[in-house]
Amino acid sequence: MRILIIGGGIAGTAAALALHQAGFEPTVYEAHPDSGEDLGAFLTLASNGMRALGQIGAASAVAELGFPLTRLRLIDASGTELADAPLGSPDEPLARYRCLRRTDLYAGLQAEVRRRGIPIRHGARLSSLTEDSAGVTATFTDGQSATGDLLIGADGLNSTVRSLISPAAPRYAGQRVFYGYTADASAAQQEHAEAITMIRGSNAAFGYACSPSGETFWFARVSGPQATAEEIARTTPIEWRDHLVPLLRPDSTPAAAIVAATTDQLMVTNAVDLPLGLRWNTPRAVIIGDAAHAASPATGQGASMALEDAVILAKALRDSPSTSAALATFDLLRRPRVENNIAASAALTARRTPPKPGAGTGAGPNANERPPALTDEELAHQLEWTTPLPAGQSG
């Protein structure tokens with residue numbers, strides 16, 4: 001099976017690795033002319049994301065790109081520590097949470113794709129697609145085209161493939177998200193090695209972690225109006241810093257000092273998500289990752305969910321008697337989990353109690369009849385490469 005993958009980010013490269021391992025012939029088409037879009041932000045890969053990478057032989061390569069997080073600390077606005085607990089699977093080196101820059105993850109996964117001899121073409125921006133019973137053809141803005149048996153849209157939040165399958169615009173989730181880095185970490189911060197500290201602040205949700213080299217990675221989520229594209233383009237990092245610090249000053253936490261010590265390494269984005277119940281596929285095309293189910297960043301699961309998608313889609317195609325059966329199985333297995341994540345992240349963003357895992361989301365005719373959320377053990381079993389997936393199920 002020849003598979004066209006649109007997008008060379010996290011979902012697209014992971015899908016290429018998984019599909020290649022399953023015996024298919026994927027080719028990655030990336031719109032950006034070099035490694036990919038430089039978002040400047042960092043992310044955490046949770047244990048479930050690292051387990052997914054482990055199934056396609058990429059966990060070791062990715063683990064080297066960041067640093068481990070084995071503890072979660074929670075403090076309130078007064079600086080009182082509310083919790084300090086193990087995070088994820090700290091006793092399994094390749095299943096530990098990892099903190100790393102998004103661009104480093106892009107580059108690392110693309111390097112692994114090339115190492116395995118999987119074609120990746122840069123500067124290929126999709127403009128249209130056509131499909132029939134014989135296959136699917138992608139046409140790019142440079143006039144070139146490619147034909148395959150299946151097309152996977154892994155082209156992120158502003159997906160062109162999604163616009164052609166299930167038009168839906170991202171929705172503002174109500175918060176601006178600040179990301180920054182500073183090398184001026186205090187001794188107190190460095191004491192909490194391998195910990196991510198979450199702060200329930202008066203005016204912002206804040207989190208930080210210190211790398212082994214002493215660099216502090218931090219984020220802040222602040223409720224308010226959506227930042228316009230013009231505002232983001234014209235506001236300097238120092239101006240964003242000077243806007244954020246007064247919001248953090250009233251609290252007795254390290255947050256204000258961390259931000260004040262930040263200079264040019266600071267950026268702002270809007271927290272957005274996608275509506276529930278989107279159509280994910282046609283007979284010859286399917287969307288995965290943020291293209292299908294982007295959530296606001298409050299749960300920190302976006303990248304890990306995309307990695308899970310890649311493994312489950314490859315296994316579904318491997319184990320199903322037909323492409324249509326594989327896509328139905330993928331939808332059936334993935335939709336409850338990722339839509340619960342969208343709902344939970346939206347609730348945390350709005351400072352509401354997240355819905356119970358597995359609860360109906362209100363999207364689609366059978367939303368309240370969906371299976372309950374997987375336990376960690378059930379998810380690990382489902383991701384396990386040698387575990388067959390049920391074939392031929394309909395949605």
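In the predicted model, six strands assemble into an open sheet with the order S8-S2-S1-S12-S19-S18, and the pairing within this sheet is mixed. Its edges are formed by strand S8 (120-122) and strand S18 (281-282), each of which pairs on one side only. Helix H12, which spans residues 323-349, packs on the sheet and touches strand S12 (150-153), S18 and strand S19 (285-287); the direction of helix H12 makes about 15° with that of S19. Within the sheet, strand S1 (residues 2-6) and strand S2 (residues 25-30) are joined by five bridges and pair in the parallel sense, with Leu4 standing opposite Thr27 in S2.

The protein chain as a whole contains 13 helices and 19 strands. Its radius of gyration is 21 Å, close to the 21 Å given by the globule rule for 395 residues, so the chain is as compact as a globular protein of that length. Taken along the principal axes, the box filled by the C-alpha atoms is roughly 65 × 45 × 40 Å. Of the 395 residues, 53% count as buried, and the chain exposes about 16,300 Å², of which carbon and sulfur atoms supply 51%. Among the contacts with a separation of 6 or more, 71% are accounted for by residues 24 or more positions apart.

A further set of strands is centred on strand S15 (residues 205-210), which is mostly covered, with six of its six residues buried. In a regular strand the side chains alternate between the two faces of the sheet. In S15, Ala205, Gly207 and Ala209 point one way, whereas Phe206, Tyr208 and Cys210 point the other way, and all of these residues are buried. Strand S14 (residues 195-200) pairs with S15 in the antiparallel sense over five bridges, and Phe206 is the bridge partner of Ile199. These two strands, S14 and S15, form a hairpin with four residues between them. S15 is also joined by six bridges to strand S16 (residues 216-223), and the two run antiparallel; here Cys210 stands opposite Thr216 in S16. The hairpin of S15 and S16 has five residues between the strands, and in this hairpin Gly214 takes a positive phi near 95°.

Aromatic contacts were examined next. A pair of aromatic rings is described by the distance of the centres and the angle of the planes. The count comes to nine aromatic pairs, with ring centres within 6.5 Å as the cut-off. In one of these, the rings of Phe42 and Tyr179 have their centres 5.8 Å apart and their planes at 85°; because planes over 60 degrees apart count as edge-to-face, the pair is assigned to that class. Phe42 lies in strand S3 (residues 42-45) and Tyr179 in strand S13 (residues 171-182), so the pair ties together parts of the chain that are 137 residues apart in sequence. Phe42 has a relative accessible area of 9% and Tyr179 one of 13%, and because the limit for burial is under 20%, both residues are buried.

Phe178 and Trp240 form an aromatic pair that is likewise edge-to-face, at 5.8 Å centre to centre and with 85° between the planes. Since Phe178 lies in strand S13 and Trp240 in helix H8 (residues 237-248), this pair ties together parts that are 62 residues apart in sequence. Phe178 counts as buried at 1% relative accessibility, and Trp240 is buried with a relative accessible area of 5%. Ring pairs also link Phe42, Phe67, Tyr179, Tyr181 and Phe217 into a cluster.

Towards the C-terminal part of the chain, Gln382 is found in helix H13 (residues 376-383). This residue counts as buried, because its relative accessibility of 12% is under the 20% limit. When residues up to four places away in sequence are not counted, Gln382 touches Ile312, Lys315, Leu333, Leu374 and Leu389.

Conventions: Residues are numbered from 1 along each chain as its sequence is written. This is a predicted model: local features need pLDDT of at least 70, side-chain atom pairs count only at pLDDT 80 or more; totals for chains, interfaces and linings use all residues. Side-chain values use heavy atoms; hydrogens and water are left out. Two strands pair if DSSP finds at least two bridges between them. Contact means heavy atoms within 4.5 Å. Axes are lines fitted to C-alpha atoms, for helices over the stretch in contact, and angles run from 0 to 180 degrees between N-to-C directions. The radius of gyration is taken over C-alpha atoms; the globule rule is 2.2 Å times the number of residues to the power 0.38. Buried means under 20% relative accessible area, exposed over 50%, partly exposed in between (1.4 Å probe, protein chains only). Accessible areas come from the Shrake-Rupley method with a 1.4 Å probe; for residues, only the protein chains shown count as cover. Rings of Phe, Tyr and Trp (its six-membered ring) pair if their centres lie within 6.5 Å; planes under 30 degrees apart count as stacked, over 60 as edge-to-face and the rest as tilted.
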